[in-house]
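Student: Could you take me through one part of this model up close? I'd like to see how a pair of helices sits together.

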Amino acid sequence: AEKTYADAEALRLQNTADARAAAIAKYREAAAIFQPLGLRYETAMALYSTGILQLTGGDARGAAVTLAAALPHARALDDPLVPSVTNALGGALDILGDLTAAMAQYQEALAGFRSLGNRNGEGNAVNNIGKIHADLADWQHALEYYRMALPIWQEVKDVRREGITLNNIGVTLSNAGDVQRALDYFALAIERRRAAKDQAGEADT
């Protein structure tokens, strides 16, 4: 089982569609071996890794099923993996359009990341919650959460994500009818995206 998992990890790092499909098969094989042996952490990791690859490959429905299967194993151990699983599950549900369920997962992830002191995870969860509020046209709460994410990205020196969040604030302000302030944030977003050499993001802004 350990060799199967190691093979999956090596395939994942190749980062091609064929390697991703082969890695998913290997992770599933490893999970099927780990689970009957009562190896809950290893089972959770294999299922979580499968779900992340499914998300990367555009299979949100499959990812939601796999990540939901990983969750009870991680929860049983009260493992630090739990908020990562719930955040990823929220992402899959978000893509599938189940915003209420996605929000619940993101909120749980946020609480978990905060309790662990995981600032990167906290920033991701906060940003994701902001996105759900924006999708629901709740501009005020979207801005509140996006603005919560900004100092986190500044603290961890993640200039690319800082640029993304500034752009999100600009889009939200524009949707709320505050065009002048939106333009100010778009200018800041371009500046940060240039600093991060994020050319695709710069063009998007």
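Tutor: Sure! Helix 7 and helix 9 are roughly parallel to each other (that label covers angles under 35 degrees, while over 145 is roughly antiparallel, 65 to 115 roughly perpendicular and the rest oblique). Before going on, note that this is a predicted model, where local features need pLDDT of at least 70 and side-chain atom pairs count only at pLDDT 80 or more, while totals for chains, interfaces and linings use all residues. Residues are numbered from 1 along each chain as its sequence is written, and side-chain values use heavy atoms, with hydrogens and water left out.

Now the numbers: helix 7 spans residues 119–135 and helix 9 spans residues 159–175, and they pack at an angle of about 20° with axes 12 Å apart. Helices here are DSSP runs (H or I, at least four residues), numbered from the N terminus. The axes are lines fitted to C-alpha atoms over the stretch in contact, with angles from 0 to 180 degrees between N-to-C directions.

Who does the touching? Helix 7 brings N120, N124, N127 and A134, and helix 9 brings R161, T165, N168 and T172 (contact means heavy atoms within 4.5 Å). Sorted by class, that makes one nonpolar, six polar and one charged residues (Ala, Val, Leu, Ile, Met, Phe, Trp, Tyr, Cys and Pro count as nonpolar, Asp, Glu, Lys and Arg as charged, and the others, Gly among them, as polar).

From N168, hop to Y185: they are 17 residues apart in sequence and 8.8 Å apart in space, C-alpha to C-alpha. Y185 is found in helix 10 (residues 179–195).

Technical notes: Helices (H or I, at least four residues) and strands (E, at least two) are DSSP runs, numbered from the N terminus.
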